[in-house]
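Please walk me through this model, beginning with its loops and moving on to its helices, and explain the reasoning wherever a residue is called buried or exposed.

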Amino acid sequence: GKERSLNFIEEIVENDLKNNRHGGRILTRFPPEPNGYLHIGHAKSICLNFGLAKRYGGGTNLRFDDTNPVTEDTEYVDSIKNDVKWLGFDWVNEYYASDYFDQLYAYAIKLIKDGYAYVDDSTSEEMAALKGTPTVPGKPSPYRDRSVEENLELFEGMAAGKYPEGSRVLRAKIDLNSSNMLMRDPIMYRIKFAHHHRTGDKWKVYPMYDFAHGQSDSIEEITHSICTLEFVAHRELYDWFIEKLGIFPSKQYEFARLNMTYTVMSKRKLLQLVNEKFVSSWDDPRMPTISGMRRRGYTPKAIRDFAERIGIQKRDNLIDVSLLEFFVREDLNRISTRVMAVFEPLKVVITNWPEGKVEVCKLENNPEDPESGHREVNFGKEIFIEASDFMEEPPAKYFRLKPGGMVRLKGAFIIQCDEVVKDAEGKITELRCSYIENSKSGEDVSGLKVKGVIHWVNAQEAAEAEVRLYDRLFKVENPAAEEGDFKDFINENSLQVVKALVEPSLKKATLEDKYQFIRNGYFVLDPDSGEKLIFNKTVGLKDSWKP
Ligand code: ATP
Ligand code: MG
Ligand code: MG
C-alpha cells in the first residue's frame with residue numbers, strides 16, 4: 001500500500017521499541033465480551049490490534065472477557081473466533097478472563113491484607129448518596145475502616161455463597177476526594193449466583209470490569225492494551241491496581257470507536273433488532289455485523305482496507321458507510337466473475353434464427369483478471385432482455401433497443417427490432433427481432449457500428465432466482481443520536497425481493513463465489529439457497545462516495 005504517516009499508537013510503539021521497553025517486545029490483545037456477534041466497530045479494533053503487532057513483529061492474544069456470567073454464551077465465542085479468522089488474523093493464544101478467577105481472587109485477598117480493599121454492606125443507594133459529585137468530595141462508608149481480619153472473613157464468606165446477592169460488595173480503598181469519580185473506592189467484586197458458561201456454579205462472586213481487565217492484561221504480559229475512549233477515565237484505576245499489586249506493568253491506550261452512518265453499533269441495540277425481528281438474524285445482510293457483511297458478500301480485504309483507510313483518531317466521529325462500500329466495490333471489481341442476470345424479463349424472439357439451433361458464445365469471466373478465462377453461454381431463438389433496455393419512443397441518443405433500431409447482445413450478435421407485440425391492454429409482451437448473421441462478438445465482419453451493448457439470458461436455459469436487494473437499515477444518518485427510540489428510525493423498505501432469470505452457470509454458484517451481474521451490481525449466493533437459487537445484492541456498481 002501507499003506509505004502514510006504513523007498514527008499516534010504506532011508512534012508510542014516505535015518509541016517503546018526504541019527505548020527497549022519490555023525488551024523490545026510487543027504483545028496486544030483483542031478482548032471481546034462473548035455477549036453478541038462482532039460488528040464492523042470490532043473489525044476496526046481487530047485490524048488495529050492484530051495489524052499493529054504484525055507490523056512490529058509481535059503477536060496478539062484473543063481473550064474472551066467473560067467476567068459477566070449473565071449475558072455470555074458459547075455460541076458467541078464460536079462466532080467471534082470464526083469472524084476473526086475470516087478477517088484474516090491469527091491469535092497467539094486463546095484465553096478466557098474466567099481462567100483468571102482464582103488469580104484475581106488471590107489479588108483481591110492481597111489488597112485486603114495490604115489495607116487497600118474493604119467489604120461494604122451499604123446498599124447501592126447508600127453508596128451513591130455518599131459518593132459526592134466531581135466537585136463535592138465523597139464521604140466514607142460506615143464500613144470503610146473494618147479490620148483486615150473482618151474484611152478477609154466477610155470476603156471469603158461472600159465467595160462461599162454465605163450472603164445473598166446485593167448484600168455486600170468488595171471495594172478498593174483509594175481516594176474519596178479524587179476528581180476522578182472512578183477512584184472514589186470503586187467496586188471490585190459483587191455477589192452473583194449465576195451459572196457461568198465456563199466455570200459453572202463454582203463462583204458466587206464475580207470481578208468488575210476494572211478489577212478484571214487490567215489484571216488480565218498484566219497476567220498475559222500485554223505490552224499495549226488498546227481500548228476505546230470511554231475508558232480514558234479508567235486508566236488511572238488500571239494503573240493503580242497494577243502498581244498496588246506490583247505486577248507486570250501493562251499500559252492502556254485509547255482511540256475513538258468507530259461509528260458509521262445509517263446503522264447502530266452497540267451489541268445491545270443489535271440484539272434488540274434480532275429479538276424484535278426487525279432483521280432475520282445476527283447475520284442478516286443488513287446488519288453491521290461481520291457475519292452479516294460476509295453474508296452480504298463483503299470481503300475481508302475490503303474491510304481491512306477500510307480500517308486502514310479510516311485510521312485511528314482521538315475524537316469520536318461518524319464514518320460514511322459509502323466509504324466502506326467504496327472498498328467493497330474496489331475489491332469485488334478485481335475478483336468477481338461477470339455473469340448475466342435479467343431482473344425484469346422481456347421476451348425477444350429472433351425470427352431469422354433456425355428453430356433448435358444453438359450457438360456457443362464465449363464470454364470473458366473477468367476483464368480485470370486475465371487468468372480467469374472464459375465460459376460458454378448458448379445463444380438461441382428465444383432470449384430475455386431487461387424490459388428497461390427497450391423503449392418504444394426513445395429520446396435522442398438512446399443507444400439501447402428501439403423499434404427499427406439495433407443493439408449488440410453482450411458476447412453474442414447484433415439484433416434489430418422489427419416488431420413490438422402487445423397484449424389487449426397495450427402492454428408490451430414480446431419483441432420480434434432479427435439477428436445479423438456475421439456480427440458475432442469476436443468475429444464480427446458485419447461492418448455495422450452499434451453503440452449499445454445489453455445483457456440477456458437464453459430462455460431455454462436460464463434459471464430462476466430470487467434476488468434480495470438491500471437498502472440502508474435506518475432512514476437517518478445517526479439513529480443512536482436521535483431523540484427517542486432508535487427503532488423508530490428503521491427503514492421499513494430496507495429489503496426488496498425480486499425474481500430474476502440468470503444464466504445457467506449460476507446453478508453451480510457457491511457461497512464463496514463473487515459475481516458481478518453485468519450492469520446490475522455485485523451479488524453473492526445466500527445460504528438460504530437450495531433448490532431455489534437466492535442471491536444477495538452486495539453493492540451497486542456506481543460509487544456514491546465523494547472524497
Ligand atoms: P458494544 O458497545 O458494541 O457492546 P463493547 O465494547 O461492549 O461493544 P466488547 O466485546 O467489549 O464490546 O469489545 C471488544 C473490543 O472491541 C474492545 O476492545 C472494544 O473497545 C472494541 N470495540 C467495540 N466496539 C467498537 C467500535 N465501535 N469501534 C472500535 N472498537 C470497538
Ligand atoms: Mg467491553
Ligand atoms: Mg458492551
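In which loop is the place of Pro288? In this predicted model, Pro288 sits in the loop between helix H9 (267-275) and H10. Because 23 other C-beta atoms lie within 10 Å of its own, and 20 or more are enough for a residue to count as buried, Pro288 is buried. When residues up to four places away in sequence are left out of the count, Pro288 touches His39, Ile40, Met260, Thr263 and Met265. Leu363, by contrast, lies 75 residues from Pro288 in sequence, and the C-alpha atoms of these two residues are 35 Å apart in space.

Before going further, the confidence scores deserve a look. The chain has an average pLDDT of 96, with 99% of the residues scoring at least 70, and the model scores ipTM 0.96 and pTM 0.94.

The loop between helix H1 (8-18) and strand S1 (27-30) holds Asn20, and His22 is found in the loop between H1 and S1 as well. Asn20 is not a glycine, although its phi is positive, at about 60°, and His22, another residue other than glycine, has a positive phi near 55°. Asn20 has 9 other C-beta atoms within 10 Å and is therefore exposed, since the limit for that class is 12 or fewer. His22 has 19 C-beta neighbours inside 10 Å, so it counts as partly exposed, a class that ends where 20 or more neighbours make a residue buried.

A further loop, the one between strand S24 (495-502) and strand S25 (515-517), is the place of Lys508. Lys508 is exposed because 8 other C-beta atoms are found within 10 Å, and 12 or fewer suffice for that description. Along the chain Lys508 and Leu533 are 25 residues apart, while their C-alpha atoms are separated by 9.8 Å.

The helices can be taken in turn, starting with H3. Helix H3 spans residues 74-86, and its 13 residues reach 18 Å from the first C-alpha to the last, close to the 18 Å expected at 1.5 Å a residue. Its buried residues are Tyr76, Ser79, Ile80, Asp83 and Val84. Since these buried residues cover an arc of only 130° around the axis, they are on the same side of H3. The face of H3 turned away from that buried side carries Thr74, Glu75 and Asp78, which are exposed. What the buried residues of H3 pack against is a set of three elements, namely helix H2 (40-55), strand S2 (59-64) and helix H10 (290-296). After H3 comes Gly88, with a positive phi near 105°.

H2, one of the elements against which the buried residues of H3 pack, also has a crossing of its own to consider. The axes of H2 and helix H11 (residues 300-310) come within 9 Å and cross at roughly 75°. An angle from 65 to 115 degrees counts as roughly perpendicular, and H2 is therefore roughly perpendicular to H11. On the H2 side the contact is made by Ala43, Lys44 and Cys47, and on the H11 side by Ile303, Arg304, Ala307 and Glu308.

Helix H4, made up of residues 101-113, likewise has 13 residues and reaches 18 Å from its first C-alpha to its last, close to the 18 Å expected at 1.5 Å a residue. Which residues of H4 are buried? They are Phe101, Leu104, Tyr107, Ala108, Leu111 and Ile112. Seen down the axis of H4, these residues fall within an arc of 140°, and so they line one face of the helix. Asp102 and Ala106, on the other side of H4, are exposed. H4 is followed by Gly115, whose phi is positive and near 80°.

H4 also packs with helix H7 (residues 209-219), at an angle of about 110° and with the two axes 11 Å apart. Because angles of 65 to 115 degrees count as roughly perpendicular, that description applies to H4 and H7. In this packing, Gln103, Leu104 and Tyr107 of H4 meet Phe211, Ala212, Gln215 and Ile219 of H7. Leu104 and Tyr107 are also among the buried residues of H4.

Conventions
Residues numbered from 1 in each chain as written. Chains lettered and ligands numbered in written order. Predicted model: local features only at pLDDT ≥ 70, side-chain atom pairs only at ≥ 80, totals over all residues. Helix = DSSP H or I, 4+ residues; strand = E, 2+ residues; numbered from the N terminus. Expected span 1.5 Å × (residues − 1). Arc of directions from axis to C-beta. pLDDT = per-residue confidence, 0-100. Axes fitted to C-alpha atoms, helices over the stretch in contact; angles between N-to-C directions. Parallel < 35°, antiparallel > 145°, perpendicular 65-115°, else oblique. Contact = placed C-beta atoms within 7 Å.
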